[in-house]
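User: Please take one part of this structure and look at it closely, starting at the surface. Then place that part in the context of the rest of the chain.

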Amino acid sequence: MRLVAKILAASLLPLLILIEVAGWSLNAANHIVRTNRTIVSETLPALHEAGVAGEIMSALLRSHARWTLLHDPAYSTLWTTRADDLEASLSILATSTRSPSERYFLRKSQRAFARYRAFASQTADATTVLRTLSEGEIRSARRLAEHVGRSLHRLGAAIDEQAKRAQQHAADVEARTWRTVLIALPLSALLAVALSFVVTVRITRVLRRLATASAQVANGAFGAYVAVNRSDELGDLARAFN
């Protein structure tokens with residue numbers, strides 16, 4: 001191998017290691033960015049929507065209780081409006097839930113709400129209104145509504161847990177990236193120093209032999225000989241000297 005190739009190899013090997021580490025770090029950073037973007041653009045809105053759905057369900061219970069007590073049509077209309085709002089909220093959640101546990105609790109919430117809505121209301125003249133319930137049916141409707149509330153709460157907890165897992169995964173990737181960089185940088189520097197030292201020692205060894213032999217020739221000792229077994233430019237120089 002020629003001398004220039006040896007010097008380039010000694011210089012490029014640590015550089016290649018640094019390039020590989022840099023590429024891996026960029027990929028890890030991209031993964032962290034994607035994870036955080038998902039949390040911000042999907043998980044947090046879904047968590048907010050689950051909270052909104054729970055609040056709507058609580059409002060539905062209050063409207064239903066007031067209608068049961070007063071039989072004021074305004075409360076029936078308000079209940080219908082809020083029921084439609086909850087239906088829309090569940091539809092939004094259906095497009096933003098990702099994990100199996102989220103989808104499971106969303107389906108439970110949808111089924112529970114469908115049972116509650118079908119039990120508590122009826123259609124009259126193409127209009128949904130609350131129907132008159134007996135005392136036992138009122139308790140059943142309340143249990144159904146509470147079941148919807150529990151399912152929505154568990155859905156929110158599942159979304160929150162998914163967000164925490166995503167954040168923890170991003171934190172683990174970040175920690176691994178920093179560990180890799182902090183290990184690779186000093187190792188690359190040490191490798192560069194070691195390779196440079198080896199190349200320098202091998203070069204200077206031949207140069208010292210040439211210098212010694214040249215001094216002998218200058219002193220009239222023309223039998224000076226440089227023992228060298230190299231195929232690079234220094235080997236050519238030593239053979240030319242001999």
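## A surface patch and its setting

Analyst: Leu-12, Leu-15, Leu-16 and Ile-19 together make a nonpolar patch on the surface, with an area of about 370 Å². The model is a predicted one, and its values should be read with that in mind. Leu-12, one of the patch residues, belongs to helix α1, which runs over residues 3-70. Leu-12 has a relative accessible area of 41%, so it counts as partly exposed, because that class lies between 20% and 50%.

After helix α1 comes the loop that leads to α2, and His-71 is found in this loop. The backbone at His-71 has a positive phi of about 55°, although the residue is not a glycine. Most residues other than glycine have a negative phi. With a relative accessibility of 42%, His-71 is classed as partly exposed.

The next loop contains a residue in another setting. Thr-97 sits between α2 (73-96) and α3 (100-120). Its relative accessible area is 10%, so Thr-97 is buried, the limit for that class being under 20%. Which residues surround Thr-97, once its neighbours within four places in sequence are left aside? They are Glu-102, Arg-103, Leu-106 and Leu-155.

Glu-102, one of these contacts, is part of helix α3. Glu-102 is buried, at a relative accessible area of 3%. Apart from neighbours within four places in sequence, the contacts of Glu-102 are Thr-97, Leu-155, Ala-158, Ile-159 and Gln-162. Leu-155 therefore appears in the contact list of Thr-97 and in that of Glu-102, each list being drawn up with heavy atoms within 4.5 Å. Between the C-alpha atoms of Glu-102 and Ala-157 the separation is 8.8 Å, while along the chain these two residues are 55 residues apart.

Between helices α3 and α4 the chain forms a hairpin from β1 and β2, with 2 residues between the strands. Strand β1 covers residues 121-124 and strand β2 covers residues 127-130; their pairing is antiparallel and consists of 4 bridges. Within this pairing, Ser-121 is opposite Leu-130 of β2. In the turn, Asp-125 has a positive phi of about 55°.

Charged side chains add a further set of links, and the structure contains 7 salt bridges. One of them joins Glu-137 to Arg-131, at 4.0 Å from N to O. Glu-137 is partly exposed, with 26% relative accessibility.

Helix α4 spans residues 135-218 and holds both Lys-164 and Asp-160, which are 4 residues apart, about one turn of the helix. Their side chains form a salt bridge of 3.3 Å, N to O. Lys-164 is partly exposed at 47% relative accessibility, and Asp-160 is also partly exposed, with a relative accessible area of 28%. Glu-161 and Arg-165 lie in helix α4 as well, again 4 residues apart, about one turn of the helix. The salt bridge between Glu-161 and Arg-165 has its closest N and O atoms 3.7 Å apart. Glu-161 is partly exposed at 38% relative accessibility, and Arg-165 is partly exposed with a relative accessible area of 42%. Elsewhere, Asp-84, Glu-87 and Arg-117 are linked in a network of salt bridges.

As for confidence, the chain has a mean pLDDT of 82, and 94% of its residues reach 70 or more. Confidence is highest in α3, at 92, the helix in which Glu-102 lies. Helix α5 (residues 233-241) is where confidence is lowest, at a mean of 75.

To return to the starting point, the patch is a nonpolar one on the surface, and its member Leu-12 is partly exposed. Thr-97 and Glu-102, by contrast, are buried.

Notes:
Residues are numbered from 1 along each chain as its sequence is written. This is a predicted model: local features need pLDDT of at least 70, side-chain atom pairs count only at pLDDT 80 or more; totals for chains, interfaces and linings use all residues. Side-chain values use heavy atoms; hydrogens and water are left out. Two strands pair if DSSP finds at least two bridges between them. Buried means under 20% relative accessible area, exposed over 50%, partly exposed in between (1.4 Å probe, protein chains only). Patches are made of residues with over 30% relative accessible area and no salt bridge: like charges are joined within 9 Å, nonpolar side chains (Val, Leu, Ile, Met, Phe, Trp, Tyr) within 5 Å. Accessible areas come from the Shrake-Rupley method with a 1.4 Å probe; for residues, only the protein chains shown count as cover. pLDDT is the predictor's confidence in each residue, from 0 to 100.
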